[in-house]
Amino acid sequence: MSSVAAPSDARVLGGTRRRRAPRLPPGETLFGVALALGLAAVGLRGGGGLSVGPTTTVEIALDVVGGVFAALGALAVSDRRWWGGLTVACFAGLAALTALSITWAIEPSDAWLEANRTVSYLLIFGASVIGARTLGAWSSALLGALCAATTAICVWAILTKVFPGALSSHESQTYARLREPYGYWNAVGLTAALGVPPALWLGARRSGHAALNALAYPITGVLLLTILLAYSRGSLLAVGLGVGLWFVIVPLRLRGVAVLATGALGALAVAGWVFSQDTLTKDGVGVAEQATSGHELGLAVVVMVIVLLALGLAMGFQAARQAPSEPTRRRAGAVILVALSLVPVLLVVALAMSSKGLGGSISSGWKSLTDPNSQTTVLNDPSRLTSVGSVRARYWDESIKVFKAHPLKGVGAGGYKTARLRYRTDRLDVQHSHGYGVQTAADLGLLGLLVSAALTLAWLVATARTLGWRVPLPDVAARLVGRAPPAPTSASERRARRGPEYVAMATLATMVFIFGVHSFIDWTWFVPGTAVIALVAAGWVAGRGPLSEPPADPRMLGARLAQGLRSPVRVAIAVGALALGGLAAWTAWLPLGSIHAQNQALQLASTNYAKASAAVQTAQDRNPLSIDPLLTRALVESTAHHRDAAREALTDAVRLQPNNPSTWEYLSGFALEQENDPQLALRLLGPALYLDPQSPTGKADYLKALRVLTLQAQARSERAQKAKQRKKKR
């Protein structure tokens, strides 16, 4: 949308309204390019959020950016209301609760990592709110950046199939599903799903150059193809619901259908060919065979992009020459809405005609999805897209058990993976419960659920205000408190709801909706590449405020900053914001710094005890909540033959995390291996096996301790017998 000078900005800068200057496209373009590169870098660098190194790098960058924008918001003088402030406050409450959970967490070190993650998310969300407040007229550049970033990540994901030997990790080469750059296929699918609404906006908008808008057609094809090649059912569900919402709330249905249908046909054509190639759809295929078929896939994608781009250009120029009449657009919009409403009807008919019938199909599918003991097998091939069944019911059941055991505060942020060991019936190594709601219930209990619900409600209210949606409840509440109900919608508000900025804000809200649907059934909240994209979109919508108000004019930013710099109070707040961002970045680095010090200690353990011991102390000082420095100390002391010091370090680890079965296993192993005391080892394994009855390490150590104890008993018996024989001979 073109820039519109806000009267409020003019009043702040002086008594007279300044003359409006022509918009400077380079500034908006630079903002969009920088944002696209930054978001793409977060996705490509941050990975799946499970590795401390890449995740910390991303968090530090987010903390610094958030601090800079917070300082910008403090200095930029304006009489505009702080729209989205309540949402930011609720988000801050979630971050504070996550950090506070360190005090009762099963694994306080993991709670610290989750607090760092949540704080960085808070800062980038706040930065987006401030961006809408100060750069609100650049919403088109924002959407373009989101579209470009998601497309870039998806292109990289497809390239890892085209050039598997050069771009894929060894683990990704083993699986046929798209995994990179996150190492997790559903996160790849979600990234593509998040990019679909901006692509629809790009192709359906009435502004912009026709050639640029035509890029929406091949972009949509690439995004949908990525979802299909990731075999991501959750992403298909999320994008289906999101696209349905977009068509309901955005008055550009005819243009949007043209983009979606054309892109979908291209994606289905390429996916249909891919699904017929065993070398691209089966796991465990050799890299050489993958590369041969991958090159063919690359050629097919290039052809698809060229064809879709040509179709997009043709449709764009045809619409420019002869645009559909208003009655035609209305009829087409009605047909689209009817078609969307028929989708569930057709699904019901298909289920009724199946061999199990409607009731049987629903019952069987529901059991497969919700029964933690279901034996339904879902293959890791294209048939997965139409299969019903998941192991999520097992993870959710474990989360509910953890929540029932700790209903108020949970087990601390990030504690699910340890607490579930008490209730698991398998030997899977699971980090998250695959669902934000159940994960929060287990980690933060009822308090976390309430704070998350307040955050969601605050964002929904802010979004409804931005989009001009009126809810009857405020009218009733206003009458109850004796205030006049809101005035009827004005003509300017009705025009705003049909304007380009409304379409942009509705598109951003749709992206957040897609992320919310997917996060309900998966752990993509913990993947920086997907979460940051959604948070940027959510913050901009919440911070924009009513569309009846003119958006903030970026051309006025310099003058507003100059006035803010003359205020000591604002300067002090800005300095504090920068310090807060720096403090958050330093706090995020400390666990990684501890790991670096531990690695140094391990390298020096066998050559220089003094330096190795000093490095261990540094690691412990940087992260006193983790057991890893203590385990490293035990290794260093054992290497130096300081058995008592090694035992003390392992004992300290048990004291630090007594509800972690691993600490008991480490101490038990030391008692067995280093001290040859199987009785003590068995006593120490009691708590370990109670906390994790399915632990393969605990079971193996228990059997080993029993064997050693038996051998020792036999040896004592033999010695006693020999002693008796010697005594008789005397």
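Helices (H or I, at least four residues) and strands (E, at least two) are DSSP runs, numbered from the N terminus. The model is predicted, so local features need pLDDT of at least 70 and side-chain atom pairs count only at pLDDT 80 or more, while totals for chains, interfaces and linings use all residues. Residues are numbered from 1 along each chain as its sequence is written, and side-chain values use heavy atoms, with hydrogens and water left out.

**Exercise 1. The chain as a whole**

Task: State how many helices and strands the chain has, and what percentage of its residues are buried.

Solution.
- Step 1. The secondary structure comes to 32 helices and zero strands.
- Step 2. Buried means under 20% relative accessible area, exposed over 50%, and partly exposed in between (1.4 Å probe, protein chains only). Of the 730 residues in the chain, 49% are buried.
- Step 3. A contact means heavy atoms within 4.5 Å. Among contacts with a separation of 6 or more, 76% are between residues 24 or more positions apart.

**Exercise 2. The nonpolar core**

Task: Find which residues touch the most other members of the largest nonpolar core, and which helix gives the largest share.

Solution.
- Step 1. A nonpolar core is a set of buried Ala, Val, Leu, Ile, Met, Phe, Trp, Tyr and Cys residues joined through side-chain atoms within 4.5 Å.
- Step 2. The largest such core has 123 residues, and Leu 146, Leu 225 and Leu 508 touch the most other members.
- Step 3. Helix α9 (residues 185–204) supplies the largest share, 13 residues.
- Step 4. Another core, of 22 residues, lies apart from this one; among its members are Ile 627, Ala 653, Phe 670 and Leu 685.
- Step 5. Beyond its neighbours within four places in sequence, Leu 146 is in contact with residues including Leu 39, Leu 508, Met 511 and Ile 533.

**Exercise 3. Helix α23 and Met 511**

Task: Compare the expected span of helix α23 with the distance between its end C-alpha atoms, then place Met 511.

Solution.
- Step 1. The expected span of a helix is 1.5 Å times one less than its number of residues.
- Step 2. Helix α23 (residues 500–521) has 22 residues and should span 32 Å; its end C-alpha atoms are 33 Å apart, which agrees.
- Step 3. Because 17 of the 22 residues of α23 are buried, the helix is largely enclosed by the rest of the structure.
- Step 4. Met 511 is in helix α23, and with a relative accessible area of 0% Met 511 is buried.
- Step 5. Leaving out residues up to four places away in sequence, Met 511 touches Leu 146, Leu 194, Pro 197, Pro 198, Ile 533 and Ala 537.
- Step 6. Between Met 511 and Ala 537 there are 7.0 Å from C-alpha to C-alpha, although they are 26 residues apart in sequence.

**Exercise 4. Salt bridges**

Task: Which parts of the chain are tied together by the salt bridge of Arg 394 and Asp 426, and which residues share one network?

Solution.
- Step 1. A salt bridge is a side-chain nitrogen of Lys or Arg within 4 Å of a carboxyl oxygen of Asp or Glu. The whole structure holds 15 salt bridges.
- Step 2. Arg 394 and Asp 426 meet in one of 3.1 Å, N to O. Arg 394 lies in helix α18 (residues 392–405) and Asp 426 in the loop between α19 (416–419) and α20 (436–467), so the pair ties together parts 32 residues apart in sequence. Asp 426 counts as buried at 11% relative accessibility.
- Step 3. In the salt bridge of Arg 420 with Glu 398, the closest N and O atoms are 2.8 Å apart. This pair links the loop between α19 and α20, where Arg 420 lies, to helix α18, which holds Glu 398, 22 residues apart. Both Arg 420 and Glu 398 are buried.
- Step 4. Arg 647 and Glu 675 form a salt bridge of 2.4 Å, N to O. Arg 647 lies in helix α29 (residues 643–656) and Glu 675 in the loop between α30 (661–673) and α31 (678–691), so parts 28 residues apart in sequence are tied together. Arg 647 is partly exposed, at 29% relative accessibility.
- Step 5. Salt bridges that share partners join Arg 394, Glu 398, Arg 420 and Asp 426 into one network.

**Exercise 5. Backbone details**

Task: Identify the cis peptide bond that ends at Pro 181, and say where Pro 181 lies.

Solution.
- Step 1. The bond from Glu 180 to Pro 181 is cis, with omega near 10 degrees.
- Step 2. Pro 181 is in the loop between α8 (170–174) and α9.
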